[in-house]
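Colleague: Please take a close look at one part for me, the largest pocket. What lines it, and what should I know about the backbone around the rest of the chain?

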Amino acid sequence: MTIPNLGCHRFLGLLPFLMLSCGTLPSESGTASTARALVAFEVPPLPSLEEAPKYAVVELGTFGGHPAHATAMNDAYDVVGNCEAAPFNDFGNGVDRAFLWRNGTMNDLGSLGGPGTRSYAVAVNASGVAVGSSEAGGPTVYHATVYGPGGIRDLGTLGGTRSQAYAINNFGVITGNSDDPKFIQQVVWAYGSTGILPSGGPGIACDATGINSSGMMAGGCGRSATDYRSKAIFRTPDSTAPTDIGFLPGGGTSYAEGLNDAGTIVGKASVGDADHAFVYDAPLGMRDLGTLGGMNSQADAINAHGIIVGRSQILPGDRNAGTAATLWRAGKPVDLNTLIPPGTGWSLVEALAINESGGILALGFQGSSTEARYVVLVATALYSVSLVPLDAPLGAAGFTGTVRITKPSPVDLVIALHQVRVDFHTPSLPLDVPATVTLPARSTEVSFHVPSKCIPGNTPVGLDASLGGATVSTTITVHTSDGCALRAKPRGIQ
């Protein structure tokens, strides 16, 4: 390995101790003297990349009120849902508004009813076009809505007061439900027209929660006009009726929550008194995905690689036990909480979506908070933070800091920085540490400047970098012969 020549007071932290011979520094008597500084590293051992956590936790923002409620995410890490916005009442509750979270920024998608009226987004395609519903003429009138680059569009109804869009594919084909004067119909909106889909029989209501690029839909229908228990179904573009995909052994209900472009369907189905996650495809039929040890589980989404996410109970025999966000790979469940950094305080309870690069939209709680929050799990993790004294023989301007992650992130990551006191017997070094630093998307590291005042000899310097509750740290100690290793110049003075 070749170590570049970084100059005096510049180093990579590869050696536990490094002797630096620094040019001339003015002595107290005013004559020039040569100072020798010993810079000792106390760097915590780093895990191998294979042992490092697999996901960083990135929390969604708000519109000034309660945490956002997220519903879907695409391959570009665009997240949609609804979030309370102004006006807020005396209890701090606002008006639900559809949002698009893109690269760390919350965007209000508007409403058909204008400012101060409610709107919701439930799905988003690869182009960032979202669908859902919004107020359209009063608090009881909701119409299916498209939120796109050109603004919002009303999809109308079949003559009733309500309609709802549930899913959109990458070609802009939308499925949902609409009232007619007598019944709720499953509909498809495509290329400017509205079509009514054949029901499961007279008086049987159906819906679809997902639609793939070929136009295949998955969802559920009632079992009969008088039996409202659900059965999982799918439709193809040329279907004359929904196809029933059946039940798990010992069960009598099922519902499809999502599907991928290969036509593999996931959802939940009853098994005796419990519900279990299932996966279905035409060659093999419906299979039980099991649980993490508890009674119930549910699969919410599947990506093109066949990786499935959802939730599962862990404690056996307790129907009311809490759940853990779960990932199934090759049919085996994994608790997602084991794939995020330890000590973050996060308890993830459900994973709602997974994109083709493995990014996950999840729901969880942090610390003792009882308010659920939605987070994006990005397939990277904090790896290290370092400080390097700048080379300035006649007076240094502090340090260069660097934060590194294990893999490039598809979105910008805002990383919090905090100086820590290393030794309570030694005064803290006065550093001007920035509160945050943004690591750009598709990068693995970001550098930042830390100005300092004169550093007394034998002073330890500590710095933490945090992301989503995970923290990495570094410590260095500067020993000098003249009692001042670095001298910072006030900004603007030459």
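Modeller: A definition comes first. Strands here are DSSP runs of E, at least two residues long, numbered from the N terminus. Lining residues have an atom within 4 Å of a grid point of the pocket. Keep in mind that this is a predicted model.

Now the pocket itself. The largest pocket has a volume of about 1,100 Å³. Its lining counts 43 residues, and the closest to the centre are A72, M73, L259, A301 and A353.

Which strands each supply at least two residues of that lining? They are strand 4 (69-73), strand 8 (119-124), strand 12 (163-168), strand 16 (206-211), strand 20 (254-259), strand 24 (297-302) and strand 28 (346-354). Strand 4 gives the most, with five residues. A72 and M73, two of the residues closest to the centre, fall within the range of strand 4, 69-73.

What is the lining made of by class? Nonpolar residues number 20, polar ones 15 and charged ones eight.

A probe the size of a water molecule, rolled over the atoms, shows where empty space is left.

Next, the backbone. Most residues other than glycine have a negative phi, and most peptide bonds are trans. Three places depart from that pattern.

Start in the loop between strand 4 and strand 5, where Y77 sits. Y77 is not a glycine, yet its phi is positive, about 65 degrees. Is Y77 buried or exposed? Y77 counts as buried because its relative accessibility is 2%, and the cut-off for buried is under 20%.

Move on to the loop between strand 5 (79-85) and strand 6 (95-102), which holds P87. The peptide bond joining A86 and P87 is cis, with omega about 5 degrees.

The third place is A330, in the loop between strand 26 (323-329) and strand 27 (332-335). A330 also has a positive phi without being a glycine, about 55 degrees. A330 has a relative accessible area of 76%, so it is exposed; the cut-off for that is over 50%.

Last, the setting. The protein has 37 strands and zero helices. Of its 494 residues, 49% are buried. Take the contacts between residues at least 6 apart in sequence: 45% of them join residues at least 24 apart. The protein exposes about 22,400 Å², and carbon and sulfur atoms supply 55% of that area.

Definitions and conventions
Residues numbered from 1 in each chain as written. Predicted model: local features only at pLDDT ≥ 70, side-chain atom pairs only at ≥ 80, totals over all residues. Heavy atoms only, no water. 1 Å grid on protein atoms, 1.4 Å probe; cavity = no way out; pocket = protein on both sides within 12 Å on 5 of 7 lines; lining within 4 Å. Points joined across faces, edges and corners; volume = space filled by probe spheres on them. Helix = DSSP H or I, 4+ residues; strand = E, 2+ residues; numbered from the N terminus. Nonpolar A, V, L, I, M, F, W, Y, C, P; charged D, E, K, R; others polar. Buried < 20%, exposed > 50% of the residue type's maximum accessible area, 1.4 Å probe, protein only. Contact = heavy atoms within 4.5 Å. Areas by Shrake-Rupley, 256 points an atom, 1.4 Å probe, with all protein chains shown as cover.
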